[in-house]
Amino acid sequence: MGNEPETPKKADVGKGHMDASTDKRVDQLMGLLLRTGVLLAAAIVAIGGAVFVARHAEPVGSYRVFQGEPVQYRTLPGIVREAASFNGRGLIQLGLLLLIATPVARVAFSAGAFAYERDWVYVAVSLFVLAVLAYSLGSGHG
Amino acid sequence: MVEFTAVIGFGSLLAGFLGALTGLGGGVVIVPMLTLLFGVDIRYAIGAALVSVIATSSGAAAAYVRDGYSNIRVGMFLEIATTIGALSGAALALYLKASVIAIIFGVVLLYSAWASYRHQEHAMDVQPPDRIATWLRMDSAYPTANGLKQYHVRGVPLGFGIMYIAGVLSGLLGIGSGAVKVLAMDQAMKLPFKVSTTTSNFMIGVTAAASAGIYLSRGYIDPALAMPVMLGVLVGSLGGARLLAGAKVTTLRLVFSAVIGLLAVEMIYNGFAGKF
């Protein structure tokens with residue numbers, strides 16, 4: 001993981017350290033995961049935006065006064081249902097959900113990569129962060 | 001709706017461009033822009049800024065991780081502090097008045113502008129190894145013009161504490177708190193500057209995701225507003241990063257830092273005047 005020192009002196013420290021080439025591969029996979037998530041999310045948001053703008057000539061509502069979003073745009077089942085019926089705002093929210101899921105997926109990937117490295121301290125660290133994220137995403141969706 | 005989307009989108013593009021150029025990030029410019037210029041309620045502004053922060057930081061992190069600058073162990077460990085902080089911040093946002101949030105935002109913005117103006121890449125003395133950092137295997141190396149350079153990490157508890165505050169601010173204000181994160185790693189933990197900024201960037205997406213879930217379920221994230229903001233900031237920051245890599249932009253950065261300082265003062269003033 002990360003940028004482990006490549007000198008033999010350091011690489012020998014501790015057991016289960018990977019060699020530099022495996023490190024590089026993990027870094028590249030993580031980069032690919034992040035890029036793919038962002039691009040896919042942006043594409044879905046753009047498609048949803050196009051559908052929404054095409055169907056609404058006039059501005060919808062005002063942002064001067066906070067009212068909060070209707071329930072179908074703030075829960076996972078609601079968003080999926082709206083997106084499946086090709087509703088513009090539903091598609092945008094689906095893209096944004098995917099965007100929020102991208103760093104979460106990165107943490108899950110890290111947990112796996114650390115486990116592969118047999119670095120149990122960091123497996124625990126990654127799983128803890130994942131649990132905090134799950135708690136946040138789960139709150140209010142019950 | 002086309003005009004509204006286009007205007008917000010263009011403004012966000014500029015904000016993303018400016019944010020990348022100053023190193024402040026797009027989110028920090030989005031909130032004053034939406035609230036001061038377009039009269040958007042600060043809660044919608046924070047929701048929209050938060051998703052744009054995830055987009056830009058994840059996009060940029062992809063490149064930094066691949067190039068081997070980010071210290072992933074340091075990042076992962078400190079994400080414990082930032083995600084718990086972000087949860088606290090998002091919970092706090094539900095109880096604070098909008099004007100109070102605006103004032104805190106202004107103060108943080110002012111600090112960020114000052115920090116980005118002041119921060120220069122400085123030569124770092126070689127640090128002796130530290131017990132906690134060694135146990136956590138944080139010591140690493142990063143690429144320089146003269147090949148890989150080793151460094152030792154220090155001050156883990158202090159860095160962890162500052163990161164919690166960075167997380168609270170991120171969750172409360174919908175920003176990446178890059179300036180506070182860099183403070184923790186660069187000043188407290190003595191990481192090389194380039195490693196601090198790229199690792200900060202690496203962490204911002206996860207920190208923002210921790211509060212974004214709460215904001216989404218509370219109805220702060222409006223699709224029609226978040227769509228042009230997220231796409232605009234993403235495209236703008238990609239352009240800004242490209243320009244930053246090629247050109248010398250010291251004067252430009254100075255001007256932008258001043259503009260952001262002015263926005264900060266206006267937010268603080270409006271907050272005290274009760275205009276939020």
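Colleague: I'm looking at where α5(A) passes α4(B). Is that crossing left-handed or right-handed?
Modeller: The crossing of these two helices, α5(A) and α4(B), is left-handed. Keep in mind that this is a predicted model.

Colleague: What angle do the two helices make, and how far apart are their axes?
Modeller: Helix α5 of chain A, residues 120-138, packs against helix α4 of chain B, residues 72-93, at about 25 degrees, and their axes are 9 Å apart. An angle under 35 degrees counts as roughly parallel, so that is how α5(A) and α4(B) run relative to each other.

Colleague: Which residues meet there?
Modeller: From α5(A), look for Tyr122(A), Val125(A), Phe128(A) and Val129(A), among others. The partners in α4(B) include Arg73(B), Met76(B), Phe77(B), Glu79(B) and Ile80(B). Sorted by class, the residues of this contact are twelve nonpolar, three polar and two charged.

Colleague: Okay, now salt bridges. How many are there over all chains, and how many lie across the interface of chain B and chain A?
Modeller: The structure holds five over all chains, and four of these bridges are found across the interface of chain B and chain A. Take Arg73(B): its side chain meets that of Asp119(A) in a salt bridge, 2.7 Å from N to O. Arg73(B) sits in helix α4 of chain B, while Asp119(A) sits in the loop between α4 and α5 of chain A, so this pair joins two chains.

Colleague: What does Glu79(B) form a salt bridge with?
Modeller: Its partner is Arg106(A), and the closest N and O atoms of that pair are 2.6 Å apart.

Colleague: How do people put a size on an interface?
Modeller: The general idea is to give the accessible area lost when the parts come together. Here, the area buried between chain B and chain A is about 5,700 Å². Carbon and sulfur atoms give 68% of that area. In terms of contacts, 67 residues of chain B touch 69 residues of chain A.

Colleague: Let's try a second helix pair between the chains. At what angle do α4(A) and α9(B) pack?
Modeller: Helix α4 of chain A (residues 88-116) and helix α9 of chain B (residues 193-217) pack at about 135 degrees, with axes 9 Å apart. That angle makes α4(A) oblique to α9(B). Their crossing is left-handed. On the α4(A) side, the contact residues include Leu97(A), Ile100(A), Pro103(A) and Arg106(A); on the α9(B) side, they include Phe202(B), Gly205(B) and Ala209(B). The class count for this contact of α4(A) with α9(B) is ten nonpolar, two polar and one charged.

Colleague: And within chain B, how do α5(B) and α8(B) pack?
Modeller: Helix α5, residues 98-118, and helix α8, residues 178-188, make an angle of about 55 degrees, and their axes are 9 Å apart. The two, α5(B) and α8(B), are therefore oblique to each other. The crossing of α5(B) with α8(B) is left-handed. Tyr111(B), Ser112(B) and Ala115(B) of α5(B) make the contact with Ala179(B), Val180(B) and Leu183(B) of α8(B).

Colleague: How many of the residues in the contact of α5(B) with α8(B) are nonpolar, polar or charged?
Modeller: Five are nonpolar, one is polar and none is charged.

Note on methods
Residues are numbered from 1 along each chain as its sequence is written. Chains are lettered from A and ligands numbered from 1 in the order in which they are written. This is a predicted model: local features need pLDDT of at least 70, side-chain atom pairs count only at pLDDT 80 or more; totals for chains, interfaces and linings use all residues. Side-chain values use heavy atoms; hydrogens and water are left out. Axes are lines fitted to C-alpha atoms, for helices over the stretch in contact, and angles run from 0 to 180 degrees between N-to-C directions. Helices (H or I, at least four residues) and strands (E, at least two) are DSSP runs, numbered from the N terminus. Angles under 35 degrees count as roughly parallel, over 145 as roughly antiparallel, 65 to 115 as roughly perpendicular and the rest as oblique. A crossing is left-handed if the near helix is turned anticlockwise from the far one by less than a right angle, and right-handed if clockwise. Contact means heavy atoms within 4.5 Å. Ala, Val, Leu, Ile, Met, Phe, Trp, Tyr, Cys and Pro count as nonpolar, Asp, Glu, Lys and Arg as charged, and the others, Gly among them, as polar. Buried area is the accessible area (1.4 Å probe) that two parts lose on being put together, summed over both. A salt bridge is a side-chain nitrogen of Lys or Arg within 4 Å of a carboxyl oxygen of Asp or Glu.
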